[in-house]
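Here are some notes to read alongside the model, set out as numbered points. They begin with a single residue and move outward to its surroundings.

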Amino acid sequence: ETKKEKPKPSAKSLWRFRVAYEKAVARLDLAELEGFAKSLGLSADSLQRLGIGRDDHPKWHWVLPMFDQHGELVGLRRRDSVGNKRSYTRSMSGLHLDRSIFGSQVDRLYLAEGPTDAAALLMLGFDAVGRPSCDGSAEIIVGLVRRCQPGEVVVVADDDEPGRRGAAKLARKLVMWAPTRILIPPGGDVR
């Protein structure tokens, strides 16, 4: 069964996302970000490369942008202090990425399950993109791979049934655009 992608948000929603995101980045407190990153076993720099911002909502603390295959903002995802996540209304699921990927030669592109696993891979010096879920945004990912033309794609899967199944499904779609393999890290996920 194929998961139907949400349509691209309206121009009004995209404008609202941009304004909210700019405010979230302006509110970012580096000392607070350092503490949050440390609690996840990550660096503040790796989260900043993914564009993290600070939400002004009383429950939701962090904001992460989601992009399409062209690097255009298509939505925002909120995260609270204990790891619960929720997208802004009318957001399209997209990729968590460092947009500098578009201006560089990518030899090996790692596709991680989620932004924090992508941040961990960025911290290790790899070109990495966070997928919104184990089986989401496949068409956007295919578009990104076609655009970036990496020498190899590594789909990083969580070590559970949905993760393995989603990685296999995605790898089958990507293999026609780049050599593709699946990596299941010991311990369940990258972090």
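**Notes on the predicted model**

1. With a relative accessibility of 3%, V156 counts as buried, because the cut-off for that class is under 20%. The model is a predicted one, and this residue belongs to strand β8. Leaving aside residues up to four places away in sequence, V156 touches Y110, L111, A112, E113, L121, R131, L183, P185 and V190. Of these neighbours, Y110 is worth a separate look, since V156 and Y110 are 46 residues apart in sequence while their C-alpha atoms are 6.6 Å apart in space.

2. Turning to the interior, the largest nonpolar core has 34 residues, and those with the most contacts inside it are L76, L109, L111, V129 and L174. At least two residues of this core come from each of α1 (11-27), β2 (62-67), β3 (73-79), β6 (108-113), α5, β8 (152-156) and α6. The largest share, seven residues, is supplied by α5. In soluble globular proteins, nonpolar side chains tend to be buried together.

3. One of the residues with the most contacts inside that core is V129, and its surroundings can be listed in full. Not counting residues up to four places away in sequence, V129 touches L95, H96, L97, I101, L109, Y110, L111, A112, A118 and L144. There is also a second, separate core of 22 residues, which includes L40, Y110, A118 and L122. Y110 and A118 are thus named both in this second core and among the residues that V129 touches.

4. Helix α5 deserves a point of its own. Eight of its eleven residues are buried, so α5 is largely enclosed by the rest of the structure. The buried residues in α5 are A138, I140, I141, V142, G143, L144, V145 and C148, and they pack against β2, β6, β7 (127-131), β8 and α6.

5. How do α5 and α6 pack, in terms of angle and the distance between their axes? Helix α5 (residues 138-148) and helix α6 (residues 161-174) meet at an angle of about 40 degrees, with their axes 10 Å apart. The two helices are therefore oblique to each other, as the angle is neither under 35 degrees nor within the 65 to 115 range that counts as roughly perpendicular. Their crossing is right-handed. On the α5 side the contact is made by A138, E139, I141, V142 and V145, which meet L170, K173 and L174 in α6. Sorted by class, this contact has six nonpolar residues, two charged residues and no polar ones.

6. Two backbone positions should be checked by eye, both with a positive phi in a residue other than glycine. Most residues other than glycine have a negative phi. Just after α5, Q149 takes a positive phi of about 50 degrees, and this residue lies in the loop between α5 and β8. At 58% relative accessibility, Q149 counts as exposed, because that value is over 50%.

7. The other position is R90, which is not a glycine and yet has a positive phi of about 70 degrees. R90 is placed in the loop between β4 (85-87) and β5 (96-97). With a relative accessibility of 58%, R90 counts as exposed, whereas V156, at 3%, counts as buried.

Definitions and conventions. Residues are numbered from 1 along each chain as its sequence is written. This is a predicted model: local features need pLDDT of at least 70, side-chain atom pairs count only at pLDDT 80 or more; totals for chains, interfaces and linings use all residues. Side-chain values use heavy atoms; hydrogens and water are left out. Axes are lines fitted to C-alpha atoms, for helices over the stretch in contact, and angles run from 0 to 180 degrees between N-to-C directions. Helices (H or I, at least four residues) and strands (E, at least two) are DSSP runs, numbered from the N terminus. Angles under 35 degrees count as roughly parallel, over 145 as roughly antiparallel, 65 to 115 as roughly perpendicular and the rest as oblique. A crossing is left-handed if the near helix is turned anticlockwise from the far one by less than a right angle, and right-handed if clockwise. Contact means heavy atoms within 4.5 Å. Ala, Val, Leu, Ile, Met, Phe, Trp, Tyr, Cys and Pro count as nonpolar, Asp, Glu, Lys and Arg as charged, and the others, Gly among them, as polar. A nonpolar core is a set of buried Ala, Val, Leu, Ile, Met, Phe, Trp, Tyr and Cys residues joined through side-chain atoms within 4.5 Å. Buried means under 20% relative accessible area, exposed over 50%, partly exposed in between (1.4 Å probe, protein chains only).
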